[in-house]
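Here are a few short exercises to work through with the model open in your viewer. Try each task before reading its solution.

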Amino acid sequence: MLRSAAERAVHFLNDDGAVNATVDAETLRNRFYVTLPAQGRQPEDVVDHLCSAAEGGLLRSNGGRFFAWVIGGTLPSALAADWLTAAWDQNAALYACSPAAAIVEEAAGAWLKELLALPQHATFAFVTGCQMAHVTCLAAARHALLAKHGWDVERNGLFGAPRVRVISSDRRHASIDRALRMLGFGSESLVLLEPDVDETLEPGAVEEALAFEPQTPKIVLLQAGDINTGAFDRFDRVIPIAKRYGAWVHVDGAFGLWAAASERYAHLTRGVDGADSWATDGHKWLNVPFDSGYAFVADAESHRAAMSIRAPYITAHAQARDQIDWNPEWSRRARGFATYAALLELGRDGVAATIDGSCAQVAGLVEQLERLPNVEVLWRPLLNQGLVRFLDPRPNASDGDHDNRTEDVIARVVDSGEGFFGATTWRGKRAMRISNVSAQTTDGDVRRVVEAFRAALTACELAPA
Ligand SMILES: *Cc1c(COP(=O)(O)O)cnc(C)c1O
């Protein structure tokens, strides 16, 4: 039964069909909402049912023609390791629960710090994604900043604590807001700055925000890879300023921190190692299956104080790393295996080639789209993110018409099943985001996608206005 499930999985991976979902919610409900049986079914029947019910409701987001959001594919060894992780079914809470799961995280954590050029003394946690990496890192920040004000937040909570201000770009990823909400800072703690024309925070503006109410503890949130443009804050200029004011610097590097692993793009991350904490993902550019994010914290004491838990039945290990001291979860998946496998399969050069490859595919796609009629490039990729807009060619077309044309072209391409893209609003205009973090995308995929746009543009012209 497991072998046949594996065969079905391989079949899915090899099928180069439509990227989009081809059935609607109603159809999926009709298939999945069977009466909960009083007596269970055979495992074979269950797997059969699952596969046929999901048919057409899955995106081929792990294939080569997916450019929406920031969603990676899977490397063969990482997928295999993830299957084994499920089969081994280890509880990676403590060394005592699974020595191999604990040690593989130690090893992979050290490799990640090396690749991402982070301080070797930084502590880390393998979490579900960048969202929980933010929570983990900002919990450490909360500990450190309030301890400096004589406040023990783990003991007293936030009632009556000094207010903490969080300085950030108004372009930040919304996972930051949710992390702040979960940690009790509240969205009112955010001080939002508008970025420069290059989409990065202006060091002078950050300094001004830091100088306001100098006694108030502050966190500065910087971006390694803006979600729309891939822009990087100027770490080498902003971090020293933040340090002078005693602020904690956290970096959202969900995909962009990986630029550090490429000789070609490492300059974008210059100075990032001076921050206090970093959040990134394995399930994006490392092409590990989902459920893989990483939190890194420079100050071990703050990280441990925020996360560590002790109970009489827990056996702390003296010689090994107990994950529960650094992670927000208790029982947890042994996430280290898939990351370890991906890093070993790629090696340093393979990671760099993955980064450079995605960037080259995005640059190529943007260039080829620009040669089609009525395509405006709003943002040329610095890394792996570009923005284009489709213009309504009528002489008096308004911004609203261009917005509609952009949505229309995207919808046609998505419906064709040839490529998958999403829209965003950037500087007040609707735009199509082009993102790639997949190790699967080939030149042939890009050509196929460009043809789909050519067809969609022609169809728009023929459609009645
Ligand atoms: C994807 C992303 C996040 C959220 O990460 P998850 O892994 O989805 O939790 C945060 N910030 C940026 C810039 C991202 O691209």
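For the opening exercise, a definition helps: patches are made of residues with over 30% relative accessible area and no salt bridge, and nonpolar side chains are joined within 5 Å. Keep in mind that this is a predicted model.

**Exercise 1.** Find the residues that form a nonpolar patch on the surface, and place Leu50 in its helix.

*Solution.*
- Start with the patch: Phe32, Tyr33 and Leu50 make it up, and together they have about 360 Å² of accessible area.
- Next, locate Leu50, which sits in helix H3 (residues 43–54).
- Finally, classify Leu50: its relative accessibility is 49%, so it counts as partly exposed.

**Exercise 2.** Work out the strand order of the open sheet and identify its edge strands.

*Solution.*
- Reading across, the seven strands follow the order E1-E7-E6-E5-E4-E2-E3, and their pairing is mixed.
- The edges are strand E1 (123–127) and strand E3 (190–193), since each pairs on one side only.
- From one strand to the next, the twist averages 20 degrees.
- Now look at E3 and strand E2 (residues 165–169): they run parallel and are joined by four bridges. Ser169 has Leu193 in E3 as its bridge partner.

**Exercise 3.** Which strands does helix H6 lie across, and which does helix H11 touch?

*Solution.*
- Helix H6 (residues 130–148) lies across E1, strand E4 (218–223), strand E5 (248–252), strand E6 (277–281) and strand E7 (293–297). Its direction is at about 175 degrees to E5.
- Helix H11 (residues 300–307) packs on the sheet and touches E1, E5 and E7. The direction of H11 makes about 40 degrees with that of E1.

Terms used: Residues are numbered from 1 along each chain as its sequence is written. This is a predicted model: local features need pLDDT of at least 70, side-chain atom pairs count only at pLDDT 80 or more; totals for chains, interfaces and linings use all residues. Side-chain values use heavy atoms; hydrogens and water are left out. Patches are made of residues with over 30% relative accessible area and no salt bridge: like charges are joined within 9 Å, nonpolar side chains (Val, Leu, Ile, Met, Phe, Trp, Tyr) within 5 Å. Accessible areas come from the Shrake-Rupley method with a 1.4 Å probe; for residues, only the protein chains shown count as cover. A salt bridge is a side-chain nitrogen of Lys or Arg within 4 Å of a carboxyl oxygen of Asp or Glu. Helices (H or I, at least four residues) and strands (E, at least two) are DSSP runs, numbered from the N terminus. Buried means under 20% relative accessible area, exposed over 50%, partly exposed in between (1.4 Å probe, protein chains only). Two strands pair if DSSP finds at least two bridges between them. Axes are lines fitted to C-alpha atoms, for helices over the stretch in contact, and angles run from 0 to 180 degrees between N-to-C directions. Contact means heavy atoms within 4.5 Å.
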